[in-house]
Amino acid sequence: MWWFQQGLCILPVALVFWTTATFIFAYITAVLLRHVDPLVPYISDTGSVAPERCVFGIMLDVSAFLGVATMYVRYKQVQALTDEEESRLHKLNVLGLVLGWSSSFGMCIVANFQKTTLFSMHLVGAILTFGVGALYILVQTLVSLYMQPHIHGKGIFWVRLSIGVWTFASIISMFVSSVIMYSSLPGVDVAQKLHWIPGETGYTPHIVSTISEWSLALSFVSFFLTYIQDFQKITLRAEVDLQNNHLYNSSHYSITPSFSQSETSPLLVGSI
């Protein structure tokens, strides 16, 4: 059995690799087609023009689905590992699930509402993805804090805390540089501006903003890497419990089965 086949670690692994591939594919395609500049464009800019925006949208939607699945499994794991008396942990766990799913929904908005098409909706999606996503990281870091030392050691808490600091630092840097960029370009539709000339007005804060965005995306991807070891200790099974031995609606066929028709099979485990 390969390491990524142990338990459910395939979920965070797939989320990390698929999302990374989405960014790389969109960047390479947009640069080769000269839709964006090679030097650190916005991630959204690499998925703003056809044909790359079509594939970018589909791939990012898949990432959102993988994020929903990964966050739900994390929620169920924490729920199973904590006692009912630990109300603080349970509340944080529920809050984390809500924030995580909201962030994934925001990713769908970012994927399907390009900044050059409908900037207001794209901005809402970005706030949900990065802003609410950062709160998800914060909540999960607090969960890790309260789960030590009786469930896991301090190491994973410090790793998640470091990534959380990295995330919030990237958000602050991106926000400040974006405000400076927009204020230095009055009357310019920055959302439609995909090409920048070195030395022009607003170029430096633009570069700082784009680097901060890539840093922010990388911090998100890195956070889900911390789930791999935890998810190796979980298996997911689907249980089928047949209520009858046919699919007719008529009571004429209501025959009580004389044998067991239940089945429990691994859903995501080493056999995939």
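**Entry 1: the cavity.** I looked up the enclosed space first and recorded a volume of about 40 Å³ for the largest cavity. The model I am reading is a predicted one. I noted a count of one cavity of 30 Å³ or more. For the lining of the largest cavity I listed S44, G47, S48, F56, V110, A111, Q114, K115 and H122. Sorted by class, I found five polar residues in that lining, along with three nonpolar and one charged.

**Entry 2: the largest pocket.** I turned next to open space. The largest pocket holds about 970 Å³ of space. I counted 46 residues lining this pocket, and I marked A126, I127, F130, M174 and E213 as the closest to its centre. I then asked which elements give two or more residues to the lining of the largest pocket. I found α1 (10-32), α2, α3 (87-112), α4, α5 (154-183) and α6 (203-225). Helix α4 gives the most, with 13 residues. By class I recorded 32 nonpolar residues in the lining of the largest pocket, with twelve polar and two charged.

**Entry 3: the second largest pocket.** I noted about 280 Å³ of space in the second largest pocket. Its lining has 14 residues, and those I located nearest its centre are Q77, H152, Q229, D230 and K233. I saw that α2 and α7 (228-231) each supply at least two residues of this lining. The class tally I wrote down for the second largest pocket is seven nonpolar, four polar and three charged residues.

**Entry 4: helices α2 and α4.** I had met α2 in the linings of the largest pocket and of the second largest pocket, and I now examined how α2 packs. Two packed helices are described by the angle between their axes and the distance between the axes. I recorded an angle of about 25° between helix α2 (residues 52-81) and helix α4 (residues 119-147), with their axes 12 Å apart. Because angles under 35 degrees count as roughly parallel, I entered α2 as roughly parallel to α4. I described the crossing of α2 past α4 as left-handed.

I also asked which residues of α2 meet which residues of α4. From α2 I listed M71, R74, V78 and L81, and from α4 I listed Y136, Q140, V143, S144 and M147. I divided the residues of this contact into six nonpolar, two polar and one charged.

Methods: Residues are numbered from 1 along each chain as its sequence is written. This is a predicted model: local features need pLDDT of at least 70, side-chain atom pairs count only at pLDDT 80 or more; totals for chains, interfaces and linings use all residues. Side-chain values use heavy atoms; hydrogens and water are left out. Axes are lines fitted to C-alpha atoms, for helices over the stretch in contact, and angles run from 0 to 180 degrees between N-to-C directions. Helices (H or I, at least four residues) and strands (E, at least two) are DSSP runs, numbered from the N terminus. Angles under 35 degrees count as roughly parallel, over 145 as roughly antiparallel, 65 to 115 as roughly perpendicular and the rest as oblique. A crossing is left-handed if the near helix is turned anticlockwise from the far one by less than a right angle, and right-handed if clockwise. Contact means heavy atoms within 4.5 Å. Ala, Val, Leu, Ile, Met, Phe, Trp, Tyr, Cys and Pro count as nonpolar, Asp, Glu, Lys and Arg as charged, and the others, Gly among them, as polar. On a 1 Å grid over the protein atoms alone, a cavity is a set of points where a 1.4 Å probe fits but cannot get out, and a pocket is an open set with protein on both sides within 12 Å along at least five of seven lines; lining residues have an atom within 4 Å of a point. Grid points are joined across faces, edges and corners, and a volume is the space filled by probe spheres set on the points.
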